[in-house]
Amino acid sequence: MKHILIVDDEERIRSLIRKYAEFEGYAVDEASNGLDALELFGKNSYDLVVMDIMMPGLDGLSASKEIRKKSEVPIIMLSARGEEYDRIGGFQLGVDDYVVKPFSPKELMLRIEAILKRTSARTDDKGTADNTDGRDVFRLEGLEVDFTARVVKIDGKPADMSPKEYELLFYLVRNRNIALSREKLICEVWGYDFFGDDRTLDTHIKLLRHSLGPYSKFIVTLRGVGYRFESSK
């Protein structure tokens with residue numbers, strides 16, 4: 001049974017998520033603030049955390065930052081605020097998804113199911129190795145993408161990217177020179193059906209371009225469609 005931690009200062013929100021989560025067969029713990037969440041996280045093992053941003057004591061972003069120091073557990077952020085800087089702040093910490101209040105509990109459950117499915121049953125990327133030790137590496141100018149080691153280097157230096165940035169770049173490179181719709185990218189990288197909000201994808205593309213520096217030029221925006229990783233290879 002998957003174990004979920006719900007962190008929100010509103011008891012009504014926690015009870016609502018718990019009701020739907022337990023119906024789906026998840027074990028659930030609750031915390032009303034970031035400090036209590038960290039205490040529970042230190043005592044128990046969780047498969048996913050649903051974390052509100054605005055809370056007394058210790059806010060959700062700070063709590064998520066502390067969690068990320070010791071674990072890569074998937075985190076879904078909840079917030080009544082939908083400004084881009086809030087989303088960027090969470091995604092830079094390695095948050096997996098971002099849901100703006102008010103939200104549909106059924107949609108939240110679909111997102112939880114999809115994230116858990118991907119984290120518990122990931123398959124190896126397909127591709128061919130270009131060296132003798134069996135590593136699967138793609139190189140283009142000063143960009144090196146090592147699929148086997150999950151390392152990206154920019155002019156020989158390791159790039160500092162969030163887990164979702166890695167997944168997005170790997171998928172783009174795997175499907176280089178192919179026009180990829182926003183719906184396709186959301187479905188393949190995030191693992192759930194497209195719900196009509198493409199801000200999550202666009203924010204991650206912005207963060208990924210920043211991480212790639214001069215090689216962000218390889219990610220081309222296709223107006224009205226999505227994105228393409230352009231390469232002559």
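This is a short tour of a predicted model, going from the whole chain to two cores, a hairpin, a helix and a lysine.

**Whole chain.** Start with everything shown as a cartoon. The chain has eight helices and twelve strands. Of its 233 residues, 47% are buried. Among contacts with a separation of 6 or more, 59% join residues 24 or more positions apart. The accessible surface is about 11,600 Å², and carbon and sulfur atoms account for 49% of that area.

**The largest core.** Select Leu 143, Val 145, Val 152, Leu 169, Leu 172 and Phe 229. These are the residues with the most contacts inside the largest nonpolar core, which has 30 residues. At least two residues of this core come from each of strands E6 (137-140), E7 (143-146), E8 (151-154) and E12 (226-229), and likewise from each of helices H6, H7 (182-190) and H8. H6 supplies the largest share, seven residues. In soluble globular proteins, nonpolar side chains tend to be buried together.

Now centre on Val 152 and show its surroundings. Leaving aside neighbours within four places in sequence, its contacts include Leu 143 and Val 145, then Tyr 166, Leu 169 and Phe 170, and also Leu 212. Lys 157 and Glu 144 are also in contact with Val 152.

**The second core.** Select Leu 5, Met 51, Leu 58 and Ile 88. They are among the 21 residues of a second core, separate from the one above.

**The E6-E7 hairpin.** Go back to strands E6 and E7, which form a hairpin with two residues between them. The strands pair in the antiparallel sense over four bridges. One pair to pick out is Arg 139 with its bridge partner in E7, Glu 144. In the turn, Glu 141 has a positive phi of about 55°.

**Helix H8.** Select residues 199-212. This helix has 14 residues and reaches 20 Å from its first C-alpha to its last, close to the 20 Å expected at 1.5 Å a residue. Its buried residues include Leu 201, His 204, Ile 205, Leu 208 and Leu 212. Residues three or four places apart in an α-helix point the same way, because there are 3.6 residues a turn. Thr 200, Thr 203, Leu 207 and Ser 211 are buried in H8 too. Just after the helix, Gly 213 takes a positive phi of about 60°.

**Lys 164.** Finish in helix H6 (residues 163-174), where Lys 164 is found. Is this lysine buried or exposed? Lys 164 has a relative accessible area of 6%, so it counts as buried. Show Asp 96, Val 189, Trp 190 and His 204: Lys 164 touches these four, not counting residues up to four places away in sequence. His 204 was already selected as one of the buried residues of H8.

Technical notes. Residues are numbered from 1 along each chain as its sequence is written. This is a predicted model: local features need pLDDT of at least 70, side-chain atom pairs count only at pLDDT 80 or more; totals for chains, interfaces and linings use all residues. Side-chain values use heavy atoms; hydrogens and water are left out. Buried means under 20% relative accessible area, exposed over 50%, partly exposed in between (1.4 Å probe, protein chains only). Contact means heavy atoms within 4.5 Å. Accessible areas come from the Shrake-Rupley method with a 1.4 Å probe; for residues, only the protein chains shown count as cover. The expected span of a helix is 1.5 Å times one less than its number of residues. A nonpolar core is a set of buried Ala, Val, Leu, Ile, Met, Phe, Trp, Tyr and Cys residues joined through side-chain atoms within 4.5 Å. Two strands pair if DSSP finds at least two bridges between them.
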